[in-house]
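Ready for a few short exercises? Have a look at the chains first, then work through the steps.

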Amino acid sequence: MKSNLTNSNPGKSEKGSARHGFEDAAQDPELEAVLRDFRASVHAWSDATYQSRSETTYRNPSLVHSPAPRRTLWRQSLVWALSLVLTAGIATGGVYEYHQRELARQMAQREAEHQRQLAQQQHAREVDELLAKVDSDVSREVPSAMEPLASLMAEDDTQ
Amino acid sequence: MASAQPIAAQEFSHVVVAHRQQIFRFLLASTRDVDLAETLTQECFLKAHRNWAGFRGESSALTWLMRIAINVQKDHWRNRRLQFWRTTRTNAVDVDEAGEWLPSGESSPEQQLLAREKVAKVWEIVKRLSGRQRMVFLLRYVEEMEIAEIAGATGLSDGTVKAHLSRALGRVRAELGGRA
């Protein structure tokens, strides 16, 4: 089972025996030398970095089993905190907005009711005034209509 | 049966010890960022640990790990693209600095200087290659992997790997010009 676990380059034994077309192009010795130097450069840089870091990072193999790098954890925590604040803000804003709208609606309703009552009172007052005016006009007209009779009665008294 | 899990854990420890440095090197060459390469190496082995039970040994452990490393790297760049607050600052080292890492052989100082210049030039060219070309180029000429292994690690066909490699090499040769 998993017999080739640590065989880092199983195909290396074939190297040199099976050349590909593009590798023929790399047969240029100068280009090959540059590529070899490039490889050596990467290896040297990587080895130096790896060795210097291995004192701290790579000494303890259990680090591999750590859930996530500290930087990632810190970022995740920040993202979670921001998300929570944002969600709470949106929810609070929604509730506040609803409350404000409800208050405004109730006030408008009360105002409309008040206006309606005022209008009714005004209308009732106008009707009363009109009736009173008609009554007064009628009462003033009656004596003048009876006045000739009254003068006739006065003449009869003198006779 | 009861000891199957400790055995698997032991096998995984061997894989980590055997391949961690190589995975780190590939990620370092790809990103040119030491901190990022370390982080991605950790992520790679974390994912490998989680999926270790699913590894059936159809390919070599290195090919399997390289595939995970490539995916981890892709995920990282994809996530960076989506970060609207992403930082513009990068820890990537300058190509001249990377080119300085050349072991001093028995050649003369002049030859050393010339070799450093050429290596720095190759770094510059590799930096400008497309993502796939760079990945295939590094796997072939830095990690010395065979075409079939590269195909297994990248999920590309052998022909596609060869095509990318051919183009990458052609570009390196063309840009190095008569100096190579």
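Below are three exercises, each with a worked solution.

This is a predicted model, in which local features need pLDDT of at least 70, side-chain atom pairs count only at pLDDT 80 or more, and totals for chains, interfaces and linings use all residues. Residues are numbered from 1 along each chain as its sequence is written, while chains are lettered from A and ligands numbered from 1 in the order in which they are written.

**Exercise 1.** Find the residues with the most contacts inside the largest nonpolar core.

*Solution.* Start with the term: a nonpolar core is a set of buried Ala, Val, Leu, Ile, Met, Phe, Trp, Tyr and Cys residues joined through C-beta atoms within 7 Å. The largest one has 52 residues, and B:L65 and B:A69 have the most contacts inside it. Next, zoom in on B:A69: leaving aside neighbours within four places in sequence, its contacts (C-beta atoms, placed from the backbone, within 7 Å) include B:I23, B:F26 and B:C44.

**Exercise 2.** Work out whether B:R32 is buried or exposed.

*Solution.* Go to the loop between α1 and α2 of chain B, where B:R32 sits. Now count: 21 other C-beta atoms lie within 10 Å, so B:R32 is buried (buried takes 20 or more, exposed 12 or fewer, partly exposed in between, with C-beta atoms placed from the backbone). Its phi is positive, near 55°, though B:R32 isn't a glycine.

**Exercise 3.** Do the same for B:E144: what is its exposure?

*Solution.* Look in the loop between α6 and α7 of chain B. B:E144 has 14 other C-beta atoms within 10 Å, so it's partly exposed. Its phi is positive too, about 55°, and B:E144 is not a glycine.

Note on methods. Contact = placed C-beta atoms within 7 Å. Helix = DSSP H or I, 4+ residues; strand = E, 2+ residues; numbered from the N terminus.
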